[in-house]
Amino acid sequence: MSHDINLKTFLSFDRMIAPTVIKVVYWIGLAFISLGSLITFFTSFVVMGHNVGAGFGQMLLSVIGFVLGVLFWRIIMEIYIVFFSIHDRLSEIRDRLPPPVDQP
């Protein structure tokens, strides 16, 4: 099967575009996770001006939250990719099967 996307394959659902979209969504989500973690990390310095322990705790939690957020986001996106991979493999199996025999 060709990897070219044209109007016919787009309208007939011959090729799934969701795996490509999922990869784009992954990078966008990764950017938001990184941005949120950076904002939280740098605001911890403001909190340290009022309470050193709370600021340090926020700093530590922002780093842990970043690592866990990236890991969780990756797992979620991989689950979606696996669903579409299953679809592709089932399509390949269907295409390799012999045509059904009509029964009387």
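In what order do the elements of the protein chain run from the N terminus on? In this predicted model, the order is α-α-α.

**Figure 1. Overall view of the protein chain, a predicted model with three helices and zero strands.** The C-alpha trace spans about 85 × 30 × 20 Å along its principal axes, and the radius of gyration of the protein chain is 23 Å, whereas a compact globule of 104 residues would have a value near 13 Å. Buried residues account for 12% of the 104 residues, and the protein chain exposes about 8500 Å², of which 74% is supplied by carbon and sulfur atoms. Of the contacts between residues at least 6 apart in sequence, 49% join residues that are at least 24 apart. The protein chain carries 7 positive and 7 negative charges, and the mean positions of these two sets are 5 Å apart.

**Figure 2. Close-up of Ser37 in helix α2 and the residues that it touches.** Helix α2 covers residues 18-48, and Ser37 has its place within this element. Is Ser37 buried or exposed? With a relative accessible area of 14%, Ser37 is buried, because the cut-off for this class is a value under 20%. When residues up to four places away in sequence are not counted, Ser37 touches Ser62 and Phe66.

**Figure 3. Close-up of Ile64 in helix α3, shown with Thr40.** Ile64 is found in helix α3, and its relative accessibility of 40% places this residue among those that count as partly exposed. Ile64 and Thr40 are 24 residues apart in sequence, and their C-alpha atoms are 11 Å apart in space.

**Figure 4. Close-up of the salt bridge between the side chains of Arg74 and Glu78.** This pair forms one of the three salt bridges that the structure holds, with an N to O distance of 2.7 Å. Where do Arg74 and Glu78 lie? Both belong to helix α3, which comprises residues 52-96, and they are four residues apart, a spacing of about one turn of the helix. Arg74 is partly exposed, with a relative accessible area of 41%, and Glu78, with a relative accessible area of 38%, is likewise partly exposed.

**Figure 5. Close-up of the salt bridge between the side chains of Glu92 and Arg89.** The N to O distance in this salt bridge is 3.3 Å. Glu92 and Arg89 are three residues apart in helix α3, so about one helical turn separates them. Glu92 has a relative accessible area of 38% and is therefore partly exposed, while Arg89, at 47% relative accessibility, also counts as partly exposed.

**Figure 6. Close-up of the salt bridge between the side chains of Asp95 and Arg94.** Here the side chains meet at an N to O distance of 3.2 Å. Which class of accessibility does Asp95 fall into, at 57% relative accessibility? Asp95 counts as exposed, and Arg94, at 53% relative accessibility, counts as exposed too, because the cut-off for this class is a value over 50%.

Notes
Residues are numbered from 1 along each chain as its sequence is written. This is a predicted model: local features need pLDDT of at least 70, side-chain atom pairs count only at pLDDT 80 or more; totals for chains, interfaces and linings use all residues. Side-chain values use heavy atoms; hydrogens and water are left out. Helices (H or I, at least four residues) and strands (E, at least two) are DSSP runs, numbered from the N terminus. The radius of gyration is taken over C-alpha atoms; the globule rule is 2.2 Å times the number of residues to the power 0.38. Buried means under 20% relative accessible area, exposed over 50%, partly exposed in between (1.4 Å probe, protein chains only). Contact means heavy atoms within 4.5 Å. Accessible areas come from the Shrake-Rupley method with a 1.4 Å probe; for residues, only the protein chains shown count as cover. Lys and Arg count as positive and Asp and Glu as negative; His and the chain ends are not counted. The place of a charge is taken as NZ of Lys, CZ of Arg, CG of Asp or CD of Glu. A salt bridge is a side-chain nitrogen of Lys or Arg within 4 Å of a carboxyl oxygen of Asp or Glu.
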